[in-house]
Amino acid sequence: MSAVVAPRATADFGAWSHARVGFAGVVGAEWGKLWALRSTWGICVAAVVAQTVVGGLAPMTTTAIENDVPVAAFDAARFPVIGLSIVQLVVLVLAVLTVTSEYSTGLARTTYAVVPARRPVLWAKVVVVTATTTLVSVVGGAAALGAGLAVSGDLYGFGLDGTQTLRLLVSGPLYLAAVAALGVGVATMVRSTAGSLGLLFGELLVVETLLTSLSIPALQRIGAFLPQTAGLQLTRADAEIAAAREYSTVVLTPWAGFAILVGWVVLCLVAASMTLSRRDV
(Lines give C-alpha, C1' and ligand atoms only; values in the text may rest on other atoms or scores of the structure.)
Protein backbone atom coordinates (compact mmCIF):
# COMPACT_ATOMS: atom_id res chain seq x y z
CA MET A 1 0.00 0.00 0.00
CA SER A 2 2.83 2.41 0.86
CA ALA A 3 4.48 1.78 -2.52
CA VAL A 4 1.35 3.00 -4.25
CA VAL A 5 0.78 6.15 -2.25
CA ALA A 6 4.12 7.67 -1.40
CA PRO A 7 5.57 8.36 -4.88
CA ARG A 8 2.48 10.00 -6.30
CA ALA A 9 1.55 12.06 -3.24
CA THR A 10 5.13 13.29 -2.76
CA ALA A 11 5.29 14.39 -6.36
CA ASP A 12 2.01 16.25 -6.08
CA PHE A 13 3.13 18.16 -3.02
CA GLY A 14 6.53 18.86 -4.48
CA ALA A 15 4.89 20.70 -7.35
CA TRP A 16 3.25 23.03 -4.81
CA SER A 17 6.34 23.76 -2.75
CA HIS A 18 6.80 27.18 -4.37
CA ALA A 19 3.13 28.20 -4.37
CA ARG A 20 0.59 29.09 -1.76
CA VAL A 21 -1.80 26.21 -1.17
CA GLY A 22 -5.45 27.14 -0.60
CA PHE A 23 -8.07 24.91 0.99
CA ALA A 24 -9.38 23.79 -2.42
CA GLY A 25 -5.88 22.68 -3.28
CA VAL A 26 -5.57 20.73 -0.03
CA VAL A 27 -8.90 19.01 -0.73
CA GLY A 28 -7.72 18.16 -4.25
CA ALA A 29 -4.49 16.68 -2.90
CA GLU A 30 -6.32 14.61 -0.30
CA TRP A 31 -8.73 13.37 -2.94
CA GLY A 32 -5.82 12.29 -5.13
CA LYS A 33 -4.06 10.54 -2.26
CA LEU A 34 -7.21 8.71 -1.21
CA TRP A 35 -7.91 7.32 -4.67
CA ALA A 36 -4.26 6.51 -5.30
CA LEU A 37 -4.66 3.77 -2.70
CA ARG A 38 -5.71 0.44 -4.18
CA SER A 39 -7.34 -0.38 -0.88
CA THR A 40 -9.80 2.51 -1.38
CA TRP A 41 -11.35 0.81 -4.39
CA GLY A 42 -11.54 -2.52 -2.60
CA ILE A 43 -13.10 -1.01 0.51
CA CYS A 44 -15.71 0.89 -1.50
CA VAL A 45 -16.65 -2.21 -3.48
CA ALA A 46 -16.84 -4.23 -0.24
CA ALA A 47 -19.19 -1.65 1.30
CA VAL A 48 -21.53 -1.72 -1.71
CA VAL A 49 -21.50 -5.52 -1.86
CA ALA A 50 -22.20 -5.86 1.88
CA GLN A 51 -25.12 -3.44 1.74
CA THR A 52 -26.52 -5.15 -1.37
CA VAL A 53 -26.25 -8.67 0.04
CA VAL A 54 -27.95 -7.76 3.32
CA GLY A 55 -30.69 -5.93 1.41
CA GLY A 56 -31.24 -8.98 -0.78
CA LEU A 57 -31.35 -11.36 2.19
CA ALA A 58 -33.76 -9.20 4.18
CA PRO A 59 -36.99 -10.47 2.53
CA MET A 60 -36.04 -14.03 3.52
CA THR A 61 -35.99 -13.18 7.23
CA THR A 62 -38.57 -10.40 7.59
CA THR A 63 -41.82 -11.96 6.48
CA ALA A 64 -44.72 -13.02 8.65
CA ILE A 65 -47.73 -15.26 8.02
CA GLU A 66 -51.25 -13.90 8.34
CA ASN A 67 -54.17 -16.12 7.38
CA ASP A 68 -51.70 -18.44 5.58
CA VAL A 69 -50.56 -15.53 3.38
CA PRO A 70 -47.04 -14.03 3.62
CA VAL A 71 -47.13 -10.36 4.54
CA ALA A 72 -44.33 -7.82 4.70
CA ALA A 73 -42.83 -7.13 8.11
CA PHE A 74 -41.68 -3.66 7.14
CA ASP A 75 -41.60 -1.18 4.29
CA ALA A 76 -39.23 -1.63 1.35
CA ALA A 77 -37.55 1.66 2.24
CA ARG A 78 -35.87 -0.25 5.08
CA PHE A 79 -33.87 -2.48 2.72
CA PRO A 80 -30.99 0.00 2.23
CA VAL A 81 -30.49 0.61 5.97
CA ILE A 82 -30.78 -2.76 7.67
CA GLY A 83 -27.16 -3.58 6.83
CA LEU A 84 -25.63 -0.34 8.10
CA SER A 85 -24.24 -1.94 11.26
CA ILE A 86 -22.00 -4.03 8.99
CA VAL A 87 -21.30 -1.39 6.35
CA GLN A 88 -20.20 1.14 8.98
CA LEU A 89 -17.29 -1.13 9.92
CA VAL A 90 -16.04 -1.07 6.33
CA VAL A 91 -16.47 2.70 6.19
CA LEU A 92 -14.46 3.11 9.39
CA VAL A 93 -11.57 1.16 7.86
CA LEU A 94 -11.55 3.62 4.96
CA ALA A 95 -11.70 6.66 7.27
CA VAL A 96 -8.92 5.41 9.53
CA LEU A 97 -6.58 4.41 6.69
CA THR A 98 -7.01 7.85 5.11
CA VAL A 99 -5.25 9.29 8.16
CA THR A 100 -2.98 6.56 9.51
CA SER A 101 -1.47 5.49 6.17
CA GLU A 102 0.35 8.84 6.02
CA TYR A 103 1.99 8.26 9.39
CA SER A 104 3.02 4.70 8.54
CA THR A 105 4.72 5.82 5.30
CA GLY A 106 6.15 9.08 6.64
CA LEU A 107 4.13 11.09 4.13
CA ALA A 108 2.62 13.13 6.98
CA ARG A 109 5.86 15.10 7.28
CA THR A 110 5.62 16.20 3.65
CA THR A 111 1.94 17.01 4.00
CA TYR A 112 2.42 19.28 7.00
CA ALA A 113 5.53 20.85 5.52
CA VAL A 114 3.39 22.10 2.64
CA VAL A 115 0.43 22.94 4.91
CA PRO A 116 2.08 24.01 8.18
CA ALA A 117 -1.25 25.18 9.64
CA ARG A 118 -2.19 21.45 9.75
CA ARG A 119 -5.87 21.94 10.53
CA PRO A 120 -6.85 22.48 6.87
CA VAL A 121 -5.52 18.97 6.23
CA LEU A 122 -7.88 17.55 8.84
CA TRP A 123 -10.90 19.39 7.41
CA ALA A 124 -9.91 18.35 3.88
CA LYS A 125 -9.74 14.71 4.95
CA VAL A 126 -13.19 15.04 6.51
CA VAL A 127 -14.57 16.51 3.27
CA VAL A 128 -12.98 13.83 1.09
CA VAL A 129 -13.92 10.88 3.29
CA THR A 130 -17.52 11.98 3.89
CA ALA A 131 -18.02 12.74 0.19
CA THR A 132 -16.69 9.31 -0.77
CA THR A 133 -18.77 7.60 1.90
CA THR A 134 -21.92 9.42 0.79
CA LEU A 135 -21.37 8.37 -2.82
CA VAL A 136 -20.72 4.76 -1.84
CA SER A 137 -23.76 4.64 0.46
CA VAL A 138 -26.04 6.05 -2.23
CA VAL A 139 -24.87 3.41 -4.72
CA GLY A 140 -25.04 0.67 -2.09
CA GLY A 141 -28.46 1.79 -0.91
CA ALA A 142 -29.86 1.77 -4.45
CA ALA A 143 -28.40 -1.68 -5.04
CA ALA A 144 -29.78 -2.97 -1.73
CA LEU A 145 -33.23 -1.60 -2.51
CA GLY A 146 -33.16 -3.18 -5.96
CA ALA A 147 -31.95 -6.52 -4.58
CA GLY A 148 -34.58 -6.55 -1.85
CA LEU A 149 -37.41 -5.77 -4.24
CA ALA A 150 -36.14 -8.33 -6.75
CA VAL A 151 -36.05 -11.10 -4.16
CA SER A 152 -39.37 -10.22 -2.53
CA GLY A 153 -41.33 -9.76 -5.73
CA ASP A 154 -44.75 -8.21 -5.07
CA LEU A 155 -44.58 -8.84 -1.33
CA TYR A 156 -42.94 -5.53 -0.45
CA GLY A 157 -43.71 -1.97 -1.44
CA PHE A 158 -43.38 1.59 -0.22
CA GLY A 159 -46.23 1.52 2.26
CA LEU A 160 -45.12 4.25 4.65
CA ASP A 161 -46.11 7.88 4.30
CA GLY A 162 -43.91 10.00 2.05
CA THR A 163 -42.11 11.85 4.83
CA GLN A 164 -41.09 8.73 6.69
CA THR A 165 -40.06 6.94 3.51
CA LEU A 166 -37.86 9.87 2.51
CA ARG A 167 -36.25 9.91 5.95
CA LEU A 168 -35.44 6.22 5.71
CA LEU A 169 -33.94 6.59 2.23
CA VAL A 170 -31.63 9.48 3.21
CA SER A 171 -30.74 8.07 6.62
CA GLY A 172 -28.11 5.69 5.25
CA PRO A 173 -25.87 8.31 3.60
CA LEU A 174 -26.31 10.70 6.54
CA TYR A 175 -25.45 8.10 9.16
CA LEU A 176 -22.44 6.64 7.32
CA ALA A 177 -21.03 10.09 6.50
CA ALA A 178 -21.20 11.01 10.20
CA VAL A 179 -19.54 7.73 11.21
CA ALA A 180 -16.78 8.31 8.63
CA ALA A 181 -16.08 11.78 10.04
CA LEU A 182 -15.94 10.26 13.52
CA GLY A 183 -13.38 7.76 12.26
CA VAL A 184 -11.19 10.52 10.82
CA GLY A 185 -11.25 12.33 14.15
CA VAL A 186 -10.31 9.28 16.19
CA ALA A 187 -7.55 8.26 13.76
CA THR A 188 -6.10 11.80 13.87
CA MET A 189 -5.76 11.55 17.64
CA VAL A 190 -4.56 7.93 17.84
CA ARG A 191 -2.47 7.84 14.59
CA SER A 192 -2.30 4.04 14.68
CA THR A 193 -4.45 1.89 12.37
CA ALA A 194 -4.75 -0.97 14.86
CA GLY A 195 -5.30 1.36 17.80
CA SER A 196 -7.94 3.45 16.02
CA LEU A 197 -9.90 0.48 14.72
CA GLY A 198 -9.63 -1.29 18.06
CA LEU A 199 -11.03 1.74 19.86
CA LEU A 200 -13.84 2.33 17.36
CA PHE A 201 -14.87 -1.32 16.95
CA GLY A 202 -14.67 -1.89 20.69
CA GLU A 203 -16.95 1.03 21.41
CA LEU A 204 -19.47 0.16 18.70
CA LEU A 205 -19.51 -3.63 18.95
CA VAL A 206 -18.80 -4.24 22.63
CA VAL A 207 -19.55 -1.22 24.80
CA GLU A 208 -22.77 -0.11 23.11
CA THR A 209 -24.04 -3.66 22.69
CA LEU A 210 -23.59 -4.37 26.38
CA LEU A 211 -25.11 -1.12 27.60
CA THR A 212 -28.20 -1.39 25.40
CA SER A 213 -28.80 -5.13 25.87
CA LEU A 214 -28.53 -5.31 29.67
CA SER A 215 -31.82 -4.81 31.50
CA ILE A 216 -30.39 -2.16 33.77
CA PRO A 217 -32.18 1.21 33.40
CA ALA A 218 -29.12 3.29 34.33
CA LEU A 219 -26.97 1.58 31.69
CA GLN A 220 -29.71 1.82 29.08
CA ARG A 221 -29.92 5.57 29.68
CA ILE A 222 -26.20 5.91 29.03
CA GLY A 223 -26.28 3.62 25.99
CA ALA A 224 -29.10 5.56 24.35
CA PHE A 225 -26.84 8.61 24.01
CA LEU A 226 -23.81 6.85 22.55
CA PRO A 227 -22.96 7.42 18.84
CA GLN A 228 -24.21 4.25 17.16
CA THR A 229 -27.34 3.71 19.25
CA ALA A 230 -28.40 7.33 18.92
CA GLY A 231 -27.51 7.69 15.24
CA LEU A 232 -29.26 4.51 14.10
CA GLN A 233 -32.58 5.89 15.40
CA LEU A 234 -32.70 7.81 12.12
CA THR A 235 -32.93 4.50 10.24
CA ARG A 236 -35.87 3.13 12.19
CA ALA A 237 -39.53 3.38 11.26
CA ASP A 238 -41.95 5.01 13.68
CA ALA A 239 -43.55 1.63 14.46
CA GLU A 240 -40.16 0.20 15.48
CA ILE A 241 -39.48 3.15 17.76
CA ALA A 242 -42.92 2.84 19.35
CA ALA A 243 -42.34 -0.88 19.99
CA ALA A 244 -38.90 -0.18 21.49
CA ARG A 245 -40.42 2.18 24.04
CA GLU A 246 -42.24 -0.75 25.61
CA TYR A 247 -39.04 -2.42 26.85
CA SER A 248 -36.37 0.29 26.82
CA THR A 249 -35.94 3.06 29.35
CA VAL A 250 -34.87 5.78 26.89
CA VAL A 251 -35.77 5.81 23.19
CA LEU A 252 -34.83 8.90 21.22
CA THR A 253 -36.73 10.29 18.26
CA PRO A 254 -34.99 9.82 14.87
CA TRP A 255 -33.67 13.34 14.37
CA ALA A 256 -32.81 13.81 18.04
CA GLY A 257 -30.70 10.66 17.85
CA PHE A 258 -28.94 11.86 14.73
CA ALA A 259 -28.29 15.25 16.35
CA ILE A 260 -26.55 13.48 19.22
CA LEU A 261 -24.38 11.53 16.76
CA VAL A 262 -23.42 14.80 15.07
CA GLY A 263 -22.58 16.21 18.50
CA TRP A 264 -20.18 13.32 19.09
CA VAL A 265 -18.60 13.95 15.69
CA VAL A 266 -18.12 17.66 16.40
CA LEU A 267 -16.64 16.93 19.83
CA CYS A 268 -14.26 14.35 18.36
CA LEU A 269 -13.12 16.63 15.52
CA VAL A 270 -12.52 19.55 17.89
CA ALA A 271 -10.37 17.31 20.07
CA ALA A 272 -8.56 16.00 16.97
CA SER A 273 -7.94 19.55 15.77
CA MET A 274 -6.42 20.55 19.09
CA THR A 275 -4.29 17.41 19.24
CA LEU A 276 -3.06 17.86 15.67
CA SER A 277 -1.94 21.45 16.22
CA ARG A 278 -0.06 20.70 19.45
CA ARG A 279 1.63 17.36 18.78
CA ASP A 280 4.80 16.78 16.77
CA VAL A 281 4.42 14.90 13.48
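**Entry 1: the nonpolar patch**

I started with helix α3, residues 38-61, which gives the most to the nonpolar patch, with five residues. A note to self before going on: this is a predicted model. I then listed the members of that surface patch and found Val45, Val49, Val53, Leu57, Met60 and Val151. Together they make about 540 Å² of nonpolar surface.

Valine 151 caught my eye, so I looked up its place: helix α6. How accessible is valine 151? I got a relative accessibility of 44%, and that counts as partly exposed. The cut-offs put partly exposed between 20% and 50%, so valine 151 at 44% falls in that class.

**Entry 2: threonine 132**

I stayed on helix α6, which runs over residues 119-152, and went to threonine 132. Is threonine 132 buried or exposed? I read a relative accessible area of 1%, so I put threonine 132 down as buried. Next I asked what threonine 132 touches. Leaving out residues up to four places away in sequence, I noted Trp31, Leu34, Trp35, Cys44 and Leu94. So helix α6 holds both threonine 132, buried at 1%, and valine 151, partly exposed at 44%.

**Entry 3: two arginines with positive phi**

I went through the backbone angles next. Arginine 118 has phi near 70°, a positive value in a residue other than glycine. Where is arginine 118? I found it in the loop between α5, residues 107-114, and α6. Its relative accessible area is 16%. Buried means under 20%, so arginine 118 goes down as buried.

Arginine 191 is not a glycine either, and I read a positive phi of about 70° there. I placed arginine 191 in the loop between α7 (162-190) and α8 (193-213). With a relative accessible area of 15%, arginine 191 is buried. I wrote the two up together: arginine 118 sits in a loop leading to α6, and arginine 191 sits in a loop leading to α8.

**Entry 4: alanine 259**

Last stop was alanine 259, which I found in helix α12, residues 254-278. I looked up its relative accessible area and got 46%, so alanine 259 is partly exposed. How far is alanine 259 from leucine 234? I counted 25 residues along the sequence, and C-alpha to C-alpha the two are 9.6 Å apart in space.

How values were computed: Residues numbered from 1 in each chain as written. Predicted model: local features only at pLDDT ≥ 70, side-chain atom pairs only at ≥ 80, totals over all residues. Heavy atoms only, no water. Helix = DSSP H or I, 4+ residues; strand = E, 2+ residues; numbered from the N terminus. Buried < 20%, exposed > 50% of the residue type's maximum accessible area, 1.4 Å probe, protein only. Contact = heavy atoms within 4.5 Å. Patch = residues over 30% accessible without salt bridge, like charges linked within 9 Å, V, L, I, M, F, W, Y side chains within 5 Å. Areas by Shrake-Rupley, 256 points an atom, 1.4 Å probe, with all protein chains shown as cover. Salt bridge = Lys/Arg side-chain N within 4 Å of Asp/Glu carboxyl O.
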